[in-house]
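Subject: Structure for you to look at

Hi there,

Here is the structure I promised to pass on. Please open it in your viewer, and then read on for what I found.

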Amino acid sequence: DLIKNGHLIVAGNVTSGKSTFLQTMLYSMSCHYSPAELNYYIIDFSSKMLSCFENAPHCGGLVYEGEDDRLSKLFGMIMEILNHRKSQLRGGNFSQYIQVNGYTMPAILLVIDGYTNFREKTKEKYTDTLIELSRTAESYGIYMVISSANVGSNELQSKIADNMRQGICLEMGEHMNY
């Protein structure tokens, strides 16, 4: 339940199952919600295991490493949706809107698989945008799920992680990382 639980971090070592978890989550959500209720956009800078969702009716787009123009357009579109919803909801939030009107606008899920690689390959170009999305987007029905090896300065920055309401920790290499 995105409305109840908000943004999600999935952390773990390489081969701990982060991409498999994301596959399972997206499949489950696709079975549970209609495209009128949920749309997702995927940024796959990991193993391309999420490619199986590229033609799913819920998937608005899937961007891989090296597709810089598509990535820029995706973030522009997400910010455009956020700004539109801010004016459309006029001080209310997505949860209130859905309770009154039903799903006349879908929840948006932005999935980033392989955040460390994403951050490195984009030279942190989208860090400010992700900080903004982590702070404000949840109220407007835009949720993020980010997989990362860890949380911290070398991985998922605390300015983003602090705004994530839930986390799933898979196998970690160091006990202190849990």
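Of the 178 residues of the chain, 48% count as buried. Please keep in mind that this is a predicted model.

**Overall layout**

The chain holds seven helices and six strands. Read from the N terminus, the order of the elements is α-β-α-β-β-α-α-β-α-α-β-α-β. The radius of gyration is 16 Å, close to the 16 Å that the globule rule gives for 178 residues, so the chain is as compact as a globular protein of that length. If you want a box for it, the C-alpha trace spans about 45 × 30 × 30 Å along its principal axes.

The contacts reach far along the sequence: of those between residues at least 6 apart, 72% join residues at least 24 apart. One pair to look at is glutamine 96 and isoleucine 3, which are 93 residues apart in sequence, while their C-alpha atoms are 10 Å apart in space. Glutamine 96 belongs to helix α4 (residues 94-101) and is partly exposed, with a relative accessible area of 43%.

**The strands**

I would start with strand β4, residues 107-113, where seven of the seven residues are buried. Ala107, Leu109, Val111 and Asp113 point one way from β4, Ile108, Leu110 and Ile112 point the other way, and all of them are buried.

Which strands pair with β4? One is β2 (residues 38-44), which runs parallel to β4 and is joined to it by seven bridges. There, asparagine 39 stands opposite isoleucine 108 of β4. Another is β5 (residues 142-148), paired with β4 in the parallel sense over five bridges. In that pairing, leucine 109 stands opposite tyrosine 143, and leucine 110 has methionine 144 as its bridge partner.

β5 also pairs with β1 (residues 8-11), again in the parallel sense, over four bridges. Here valine 10 has serine 147 as its bridge partner. Seven of the seven residues of β5 are buried, so this strand is largely enclosed by the rest of the structure. Both of its faces are covered, with Ile142, Met144, Ile146 and Ser148 buried on one side and Tyr143, Val145 and Ser147 buried on the other.

**Two helices with a buried side**

Helix α2 covers residues 18-32. At 1.5 Å a residue, its 15 residues should span 21 Å, and its end C-alpha atoms are 21 Å apart, which agrees. Its buried residues are Lys18, Ser19, Leu22, Met25, Leu26, Met29 and Ser30. They cover an arc of only 130° around the axis, which puts them on the same side of α2. What covers them includes α1 (2-5), β1, β2, β4 and β5. The face turned away from that buried side carries the exposed residues Tyr27, Cys31 and His32.

Helix α3, residues 68-89, can be read in the same manner. Its 22 residues should span 32 Å at 1.5 Å a residue, and the end C-alpha atoms are 31 Å apart, which agrees. Buried in α3 are Leu71, Leu74, Phe75, Ile78, Met79, Leu82, Arg85 and Leu89. Their arc around the axis is only 125°, which puts them on the same side of α3. Exposed residues Asp69, Lys73, Glu80 and His84 sit on the face turned away from the buried side. After α3 comes arginine 90, whose phi is positive, near 45°.

**The core**

In soluble globular proteins, nonpolar side chains tend to be buried together. The largest nonpolar core in this model has 57 residues, and those with the most contacts inside it are Leu109, Leu110, Phe118, Leu130 and Leu133. α3 gives the most to this core, with seven residues.

What does phenylalanine 118 touch, leaving out residues up to four places away in sequence? Its contacts are Ile43, Phe45, Leu71, Phe75, Ile112, Tyr126 and Leu130. Among these, Leu71 and Phe75 are buried residues of α3, and Ile112 is one of the buried residues of β4.

I hope you enjoy looking through it.

Best wishes

Note on methods. Residues numbered from 1 in each chain as written. Predicted model: local features only at pLDDT ≥ 70, side-chain atom pairs only at ≥ 80, totals over all residues. Heavy atoms only, no water. Helix = DSSP H or I, 4+ residues; strand = E, 2+ residues; numbered from the N terminus. Expected span 1.5 Å × (residues − 1). Buried < 20%, exposed > 50% of the residue type's maximum accessible area, 1.4 Å probe, protein only. Arc of directions from axis to C-beta. Core = buried A, V, L, I, M, F, W, Y, C linked by side-chain atoms within 4.5 Å. Contact = heavy atoms within 4.5 Å. Pairing = 2+ DSSP bridges. Rg over C-alpha atoms; globule rule 2.2 N^0.38 Å.
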